[in-house]
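Colleague: I should like to learn how to read a strand and its partners in a model. May we go through one case step by step?

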Amino acid sequence: RLEILAPRQGGTGTVVSLASTDWIYLMQSAQGERVTVTVRGLSSATPTEVGTAPPLSFRVGDEDVLGGLYYWAAASDESHPEGFYRQDFAKTDELPERFFTIDRAGRCVACHAISRDGTRLAYTMDGGDGPGGILDVATRTPLTPTDDSLHWNLATFDPQRKWVLTAFQNVLTLRDGSTGAAISTLPGGGTQPDWSPLGDLIVLVQYPWPIHDWAFVEGQLILQRVDPNTGTFLERTALPNVTGFFPSFSPDGQWILFAKYVADEAGPVELRAIRTDGSSSVVLGQAVDPSGSCSIPRWAPFKQTVGAETETRESLFWVTFSSTRPYGIGLNEGRPQLWMAPFFPERALAGHESSLPAFWLPFQYLQTGNHIAQWTERIVVLE
C-alpha cells in the first residue's frame, strides 16, 4: 500500500508524478500482479467531506520493455526544434534525446525508418516528395549522396539491413541498404511498405489511383514475397477484402497491424490486426479512443509473456501509435502524441478482445506534435 498526498496546484486539477526511485520500488514489488489505484479528494470549503473516485485496477508486467523508439517531433517553440528524437526504453527516466533535428542549412526532416539493429536510418527531407537519404546512426553522417539525387517518402529495411525498399509516388524501389543505389523496381507498384522480421514477406498498400505515399487513405493490403537471400521479388497476393493504411508486421511475423476508418474517411480510425495468412482479423477495440485520431501504428520489437504465478501465462506484444486524444489536464487541444497499448495474440485467436486501454508515453514533450514512432531492437551509442 502506497499513499501519496498531493495538494492542489491551481488551475483545473493536480498532476502527481512519482520519482523514478518510487516507480522502481512500486513496479518491482508488484511484478506480474494487479495494482489498484484510488483517488480521494478534499474540498477546502468543506474539508470534512471526502470524495472518492472509482478504483482503477491494472496489472504490472514482469518483463521490461526493451528496444528504442525514434519519432518525428513537429516543433512548437524554439526550445524543441523540429526533427527526430529517440528514447531508449532501458532509460525511461531520462528525457528523449535530440537525434537529428533541423540541419545546419535549415532543412527539415520528417518521414523516417530505422533498421532493426539500429545502425541505419532512412529519412526524407523538405516534406513530401523531397530528397531521401540514409544515415549512419552512430556518427549521424549521410551514407548516401547529398546532392538531392535520391527521392523517396517512405522506406523499410530488410532484417539484415542489406537492402532498403523505398516508396516514391506509388513506385517501390529496392536499394542498397547503405548507399541507396537502386537495384530493382517492384512490379505492380505500391506504397507504405513494411518488411517482415522473417525477411520473406513485404506488406504494402496498393491504390487504384495516383495518391500521395503519406496519405491517410485506405487501399488494398498486399503481401509481396521476396527471396531473403537475393532480394528477388516473387509472387504477390492480396489479403482478401482487407483495406487500410500504414500496415506493419509483428515481431514474430505472424500478425499485420494496420489502421482503418470505422465508417468513412472523414470519421474516426480504428486499429486492426490480421494473421499473415489472412485469418483471425480483429479490432484492437480498447486501444483506440474515438475522441482523437489514430495513425501509423507500429510494434515494439520483442514478444513478451505476462501472468502471475497462479495464472496461465499469455503472450503479449506492445503497439504504439500517434493520437490527438486529450491527455489529463495538460493536453486537450488535439496535439498528436505517442500512445502505447498491449496486444494479446492468444485472446485474438480465441475471438476475445485483444487489447487494453492505451497509455500516454511519459517521456514526451507536451509542446511538440509527435508522429511516426519507429522501433529498433537497440539504441546505438553516438560517437
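Modeller: Let us begin with a single pair: the bridge partner of Leu121 in S10 is Leu135. The model is predicted, so local features need pLDDT of at least 70 and side-chain atom pairs count only at pLDDT 80 or more, whereas totals for chains, interfaces and linings use all residues. Residues are numbered from 1 along each chain as its sequence is written, and side-chain values use heavy atoms, with hydrogens and water left out.

Colleague: In what sense do S9 and S10 pair, and over how many bridges?

Modeller: Strands are DSSP runs of E with at least two residues, helices are runs of H or I with at least four, and both are numbered from the N terminus. Two strands pair if DSSP finds at least two bridges between them. Here strand S9 (residues 120–125) pairs with S10 in the antiparallel sense, over five bridges.

Colleague: Which strand do two bridges join to S10?

Modeller: Strand S11 (residues 141–142) is joined to S10 by two bridges, and these strands run antiparallel. Leu135 has Pro142 as its bridge partner in S11.

Colleague: Is S10 enclosed or open to its surroundings?

Modeller: A residue is buried under 20% relative accessible area, exposed over 50%, and partly exposed in between, with a 1.4 Å probe and protein chains only. In S10 (residues 132–136), five of the five residues are buried, so the strand is largely enclosed by the rest of the structure. Gly132, Ile134 and Asp136 are buried on one side, and Gly133 and Leu135 are buried on the other.

Colleague: What should I look for in the turns?

Modeller: One may look for the sign of phi. The hairpin of S9 and S10 has six residues between the strands. Asp126, in that turn, has a positive phi of about 65°, although it is a residue other than glycine. Asp126 counts as partly exposed, at 38% relative accessibility. The hairpin of S10 and S11 has four residues between its strands, and there Arg140 takes a positive phi near 55°.

Colleague: Where is Asp148 found?

Modeller: Asp148 is found in the loop between S11 and strand S12 (154–157). Its phi is positive, about 65°, although Asp148 is not a glycine. At 33% relative accessibility, Asp148 counts as partly exposed.

Colleague: How many helices and strands does the whole protein have?

Modeller: The protein has two helices and 28 strands. Buried residues make up 49% of its 383 residues.
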